[in-house]
Amino acid sequence: MSEPMPMPMSMRLPAQPGEVIDREERFSFSWNGRSYPAYSGDTIASALAANGVRIFSRSFKYHRPRGLLTASHLDPGCTIQVGEEPNVRGAHRLASPGLDVRSQNTWPSLRYDVKSVNRLAGRFLSAGFYYKTFIKPRRLWPAYEKVLQRFVHGGVIPDRPEEHDAEARFYDKRYAHPDVLVAGGGPAGMAAACAAAEAGARVLLVEEEHRPGGHLRWGDAADLTLLAELRERVSAAGVEVMCDAVVLGRYDDNWVAVVERSPAGPAFERLVKARAETLVVAAGQIERPYVFAGNDLPGVMLSTAVRRLVNLYAVRPGERAVVLTANGSGDAAAADLSRVGVDVAAVVDARHGEDVVRADGRGGVRWVELGDGRRVDCDLLVTATGWTATTALLNMAGNRPVYRPEAARFVPDLDTLPDTVVATGGVVGDGTREALCEHGTAVGEEAARRAAGAAEQSGEVPSRAWPGVKGAEGARAPSAPHPKRPDAEGLTPEPHPELIHGRTHGFVDLCEDVTSKDLLSAVEEGYDSAELAKRYTTATMGPTQGKLEILNVVGILAEATGRTIQEVGTTTWRPPYAPVTLGALAGRRLEPVRHSPMQRWHEEHGAVPLVAGAWIRPDHYGDPGAEAANVRENVGIIDVTPIGKLDLQGPDVAKLLNLLYVNKWSKLEVGRVRYGVMCAEDGVVLDDGVTGRLGEDHYLMSTTSSGAAAVWEWVELWLQTEHPDWRVHVTPVTTAYASINVAGPKSRELMERVTTGVDLSPDAFPYMRVRRGSIAGVDDCVIWRIGFTGELSYEIHVPSAYGLHVWASLLAHGEDLGVAPFGIEAQRILRLEKGHLIVGQDTDGITQGYSADLDWAIKLDKPDFVGRPELAWQRQRGDHPRLVGLLPLDADTVPPEGCQLVEGAEIVGRITSSRRSPTLGRAICLGQVAAHLAEPGTEVTVRLPDGRLTGARVAEQLASVDPEGARLRV
Amino acid sequence: MSEPNAGAPAPVARGPIRPPGPTRVEAGWEAGGQRRDGPVVLVDHTPLAKIQVKAAYDGEAARILGVPFGRAVRGGVGDLVVGSGPGEWLALGPPGTQHALRGRLDGALAPAAARELVTTVDLTHGRAMMRLTGARAAEVLTMLCAIDLDDRRTPDGTAFRSLVAHLATDVIRDDRDGMPSYLLHCETSSGQYLFDCVVDAGREFGLVVSGP
């Protein structure tokens, strides 16, 4: 069945004095597949309302038709899908040409939604229905879940959002450091911002609406005049104004999170992390709905919604209205309606005890029953029954609101706020527009004064003028705040009847479809506190997070439990104040990566990348087995730039090395390198590497690639906290050098072709020595003769900007020698064949030194070193696991790393490294085994991932290839 | 047999940041891109000579250098001397002058070295450096850096170390001809990453990448 097509712009009024639409700019957009006209400045909802649309969504649980209630961002009845973006607040989002707007979770149409049958089962869908119904049998939960998912109320996101309009999905982040941040751009907030800025403060004004002004925007001529003046002052004072933005939370030290929903520039949304010296909360008040039967029907609106529609968007909210009013806003709404020709059939004055009993109608209000029994036909029911002070940000600063029954409102207890947080405007109390501005001005001046004091205390340079700060004589301000808070005087909540519900039951939380009956049921079942009832019924847990309904919830609970509203208290306001997208929280994708100078070459030659922390390294170039074999037969080169390198200078470096390494360093001669192992105080292996002595007081230490930063901190920790008297300077130089390992039996021949200034003969440059020279014409290179791969090899460190040049030179000069690059995987194979351990792979967070086959390195006869007491105890106990070589009995089965070693049902070790050795043509492993299984020749049982068991024999030593080291010492 | 590399052309140094456009060699370094102007301009200055000095923060060397921690001063031993940490300085010079700069520093600091530990390390190859200049340069950095860059907090001549795009970076406010300008300085291996992040953040401010 098709929906009736309303007349275009049938509800549009003639021009209004404060309207924000531009009638010169007219365009079309689509709503559920049909085209509708709109003006620039219209929200999606105002444009649709101007075209006679009254139903915008279906409710959360019962799929009841819903229309406009607040006509603002908070409107629970106007959550829609815009293009690929779900859950858009249609009463806030501006319409734009070509938008594809749809209702959410309705079928077959918004007007005739099949899921509205839930209404028939409403009596069974009471509070706690889900908890009670789907808890048993637990095994059926997956089935329940699938069904319930179909009823989830929300929009649709694309399957792969990154493929859809990537530019529109760009979320951003930035930082801000205002002296004064004003949350809320109503008259008091604008006045506060002006006063603070005129006093010399940097001011950021955050306003949730599209333009600042608060209720002045839909006010009378005097309001509009004042609004224009304030806007001019804000601009002249240099206030940074952030509209369509909301303060999400206030954290310690005024760390304030703001989300901009339509920032300037290409970003879709932007999270602003602001550190404000003073936070001014001017968040105003939110009008409260009234609870009665039919209070959710399309056509039931708050007075502020009516005033917005009429005055901002020139939209006639209905044809015939009933107005229930208890305050000036309701009176003004009635006057607005009369002025624009709406038939105001009845004004029901709650101040005189009059009331509305119920509203009824199919698809919208058709008639209203009044308290005196009259039935009035109408299509619009306006309610103005009270306000909620927006205290959330103040509560996040430590304030607990206090209930004022004479005003029917919770208000902040200002005396409990920190000096860096002040409040102004409606959140504090009521007043004329002049009183609001006066209060805002006083608070803004004090906010600037406090910010000036904070700036003074923080040692800001150079000193700056705060010309408007009173008492500072045009210069620096006194730092102490005024003993009396400026926000505590001038505005007080006006008396207001306590209107929460009528004589019939209705919806309390329109987001979650929670009724007053549900709350009474919760109390009957024992959930009688605000926090418990909230969780049981989900009242205040919808998108508005209680901003509209919190007092109604508390009032009904108080009445049901015989307590006062103050005694029941409110639920706790926590950040975020408003729903925020995950994209805004994530912001830009900032993940530092590190590349070696040879990265370009690796990419151009098909290297398969390996992500190792922040480093991107070549894992292999196609065939790691062949790469390893080439190193054994000819010569290979590998990019090892990520190896950590620390430049150590000073006469006490040897003392430092003796302290941090488990082995001895006092007699390391200039020109020699030595392997060392570091343990922590608990004896656990921390890192390893070689250190070379380049000069009398100059050393170059290497670390593992992943341990570079930790070792640097470790070294500095010991120097700065335990031995500040030692004369040692440490500088990380990891990427000052490009590092290349040239390995293989032909490596010397290759090196001789590119090296000058160094005699590479075995006698002049033997194993474990360091030399400095020129390679491929590059001076200041460091050459270590070491052998992680088990082959004759040279590790060269060249000034990094020449890394690519040296790499290419080695390949060019070694073509006839069979030189080829090899990657990390080949290196791992080679080192495993040689039995060299990798810290962090063959050790873990509890592996002490003697469990890593480091007995030969640990020198307990040194007077002291880090970890010595624990290592001495470990050796004394002797019951520690051992790192051993393991040869699988089935030479073709390579047990994956991490496989358990078992003895019956007991775990007695694990495989730490395993590969198929291309040199031996069989599987080889390293593993940690229990002490009683460590003897060579012992057979152990390996449990494979699929549960099968296989055997392995403990080898004579860790090395499977060249255990004597003949190949690397040639 | 001839000496290896005899007669071979001098090696060309290549920084971590891919040069924009066709490349040329300047002072032994690969450079690229024409000089361009824009509201915010980003230039790769990695080839600048960079010598780190370490000494007691309150000793004779500190007095000779005359630059406190957190400040940067033009002139003196280097083109720009930066107090980059307590007891740590960075001296900058034109590309290709690192050996001469280090020699000048060692000479100037010799009197102090007789009484305290004074060391120098050539970090020319170890650090990437770029310059961001323009009236809105600070706004670009606020997208990436949590430090207050207002003139009143970080005026010309301020130096600090912080995270920029989640990367440990030295930032030096070094205005050029009255225009706000920032030198950004990080480990070489992340130079391209930082450069790309600044370019991305500057897009909405009309940032252009210029040759040196």
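**Exercise 1. A positive phi in two loops**

Is M768(A) buried, partly exposed or exposed, and how many C-beta neighbours does M768(A) have inside 10 Å? Carry out the assignment on this predicted model, and then treat H63(A) in the same manner.

*Solution.* Begin with the backbone: M768(A) is not a glycine, yet its phi is positive, at about 60°. Next, place the residue in the chain, where M768(A) belongs to the loop between β39 and β40 (769-775) of chain A. Then take the neighbour count: a residue is buried at 20 or more other C-beta atoms within 10 Å and exposed at 12 or fewer, so M768(A), with 16 C-beta neighbours inside 10 Å, counts as partly exposed.

For H63(A), phi is near 55°, again a positive value in a residue other than glycine. The loop that holds H63(A) runs between β3 (57-58) and β4 (65-66) of chain A. Here the count is 22 other C-beta atoms within 10 Å, and therefore H63(A) is buried.

**Exercise 2. Two prolines in loops of chain A**

Describe the surroundings of P401(A), and identify the peptide bond that joins P575(A) and P576(A).

*Solution.* P401(A) sits in the loop between α8 (392-396) and β25 (402-404) of chain A. Because 22 other C-beta atoms lie within 10 Å, P401(A) is classed as buried. When neighbours within four places in sequence are left aside, the contacts of P401(A) are T391(A), N395(A), F410(A), V411(A), P412(A), D413(A) and T570(A). Of these partners, consider T570(A): it is 169 residues away from P401(A) in sequence, while the two C-alpha atoms are 8.0 Å apart in space.

The second proline, P576(A), lies in the loop between α13 (565-568) and α14 (582-586) of chain A. The bond between P575(A) and P576(A) is a cis peptide bond, with omega at about 0°.

**Exercise 3. Packing of α6(A) against α7(A)**

Give the geometry of this helix pair, and then follow R307(A) as one of the residues that make the contact.

*Solution.* Two packed helices are described by the angle between their axes and the distance between the axes. For α6 (residues 303-311) and α7 (residues 328-339) of chain A, the angle is about 35° and the axes are 9 Å apart. The crossing in which α6(A) passes α7(A) is left-handed. From α6(A) the contact draws on S303(A), T304(A), V306(A), R307(A), V310(A) and N311(A), and from α7(A) on S329(A), G330(A), A332(A), A333(A), D336(A) and L337(A). Sorted by class, the residues of this contact are five nonpolar, five polar and two charged.

R307(A) has its place in helix α6 of chain A, and it counts as buried because 28 C-beta neighbours fall inside 10 Å. Beyond four places in sequence, R307(A) is in contact with W218(A), A332(A), A333(A) and D336(A). The C-alpha atom of R307(A) is also separated by 9.1 Å from that of A334(A), a residue 27 places along the chain.

**Exercise 4. The span and burial of α9(A)**

How far does helix α9 of chain A reach from its first C-alpha to its last, and how many of its residues are buried?

*Solution.* The helix covers residues 433-457, and its 25 residues reach 36 Å, close to the 36 Å expected at 1.5 Å a residue. Turning to burial, α9(A) is mostly covered, with 20 of its 25 residues buried.

**Exercise 5. Contacts between chains and between domains**

Characterise the side of chain A that touches chain B, and then the side of domain 1 of chain B that touches domain 2 of chain B.

*Solution.* Between the chains, 42 residues of chain A are in contact with 40 residues of chain B. The elements of chain A that each supply at least two residues include β8 (171-176), α19 (747-754) and α20 (803-813). The largest share, four residues, comes from β8(A). By class, this side of chain A has 18 nonpolar, 14 polar and ten charged residues.

Within chain B, the assignment gives domain 1 (32-47 + 125-210) and domain 2 (49-122), whose C-alpha centres lie 23 Å apart. Ten residues of domain 1 of chain B are in contact with eleven residues of domain 2 of chain B. On the domain 1 side, β10 (159-164) and β11 (167-173) of chain B each supply at least two residues, and β10(B) gives the most, with three residues. That side divides into four nonpolar, two polar and four charged residues.

Notes. Residues are numbered from 1 along each chain as its sequence is written. Chains are lettered from A and ligands numbered from 1 in the order in which they are written. This is a predicted model: local features need pLDDT of at least 70, side-chain atom pairs count only at pLDDT 80 or more; totals for chains, interfaces and linings use all residues. Axes are lines fitted to C-alpha atoms, for helices over the stretch in contact, and angles run from 0 to 180 degrees between N-to-C directions. A crossing is left-handed if the near helix is turned anticlockwise from the far one by less than a right angle, and right-handed if clockwise. Two residues are in contact if their C-beta atoms, placed from the backbone, lie within 7 Å. Ala, Val, Leu, Ile, Met, Phe, Trp, Tyr, Cys and Pro count as nonpolar, Asp, Glu, Lys and Arg as charged, and the others, Gly among them, as polar. The expected span of a helix is 1.5 Å times one less than its number of residues. Domain bounds come from an automatic or database domain assignment.
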